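I opened this notebook to keep a short record of what I looked up, entry by entry.

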Amino acid sequence: MDKSKDGKISINDMLLKKIVYSIEKAIREDQQQYLRENHKETNNALILVRGNDINTNLRNHIVKDNIDLIPFQRYGWSGRIIINRTKHITYSIMAEGTLERV
């Protein structure tokens with residue numbers, strides 16, 4: 001495991017910035033675009049669309065070199081885990097409520 005001189009795990013700041021960008025783009029730009037393009041009576045699917053957009057943005061903005069986006073299935077739901085193979089760190093993105101349930 002990659003550790004800094006003080007024994008703590010070394011964090012890839014650029015990767016974290018790209019992850020935050022991917023999430024922010026999904027909940028702002030992509031969500032507004034979805035609403036402009038899909039004039040529905042209700043927008044119940046919006047929370048699922050947001051998750052799809054986050055995963056698509058992650059694929060488009062972080063996957064390169066030693067950063068992978070690994071798909072997994074849980075029942076009928078598809079998720080993604082980010083793996084930094086250089087630093088031997090995994091990242092999982094979920095809503096606060098999901099984290100509390102886990």
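The entries below cover a helix pair, a core and two loop residues.

I note that this is a predicted model, in which local features need pLDDT of at least 70 and side-chain atom pairs count only at pLDDT 80 or more, while totals for chains, interfaces and linings use all residues. Residues are numbered from 1 along each chain as its sequence is written, and side-chain values use heavy atoms, with hydrogens and water left out.

Helix pair. I looked up helix α1 (residues 13–37) and helix α2 (residues 46–61), which pack at an angle of about 130° with their axes 8 Å apart; helices here are DSSP runs of H or I of at least four residues, and strands are E runs of at least two. That angle makes α1 oblique to α2, a word for angles that are not under 35 degrees, over 145 or from 65 to 115.

Core. I then found that the largest nonpolar core has eleven residues, among them L15, I19, I54 and Y91; such a core joins buried residues (under 20% relative accessible area) through side-chain atoms within 4.5 Å. Helix α1 gives the most to this core, with three residues.

Loop residues. I checked Y75, in the loop between β1 and β2 (77–84), and its phi is near 55°, a positive value in a residue other than glycine. Most residues other than glycine have a negative phi. H88, in the loop between β2 and β3, also has a positive phi, of about 60°. Y75 is exposed (over 50% relative accessible area), with a value of 75%, and H88 is exposed at 56%.

How values were computed
Axes are lines fitted to C-alpha atoms, for helices over the stretch in contact, and angles run from 0 to 180 degrees between N-to-C directions. Buried means under 20% relative accessible area, exposed over 50%, partly exposed in between (1.4 Å probe, protein chains only).
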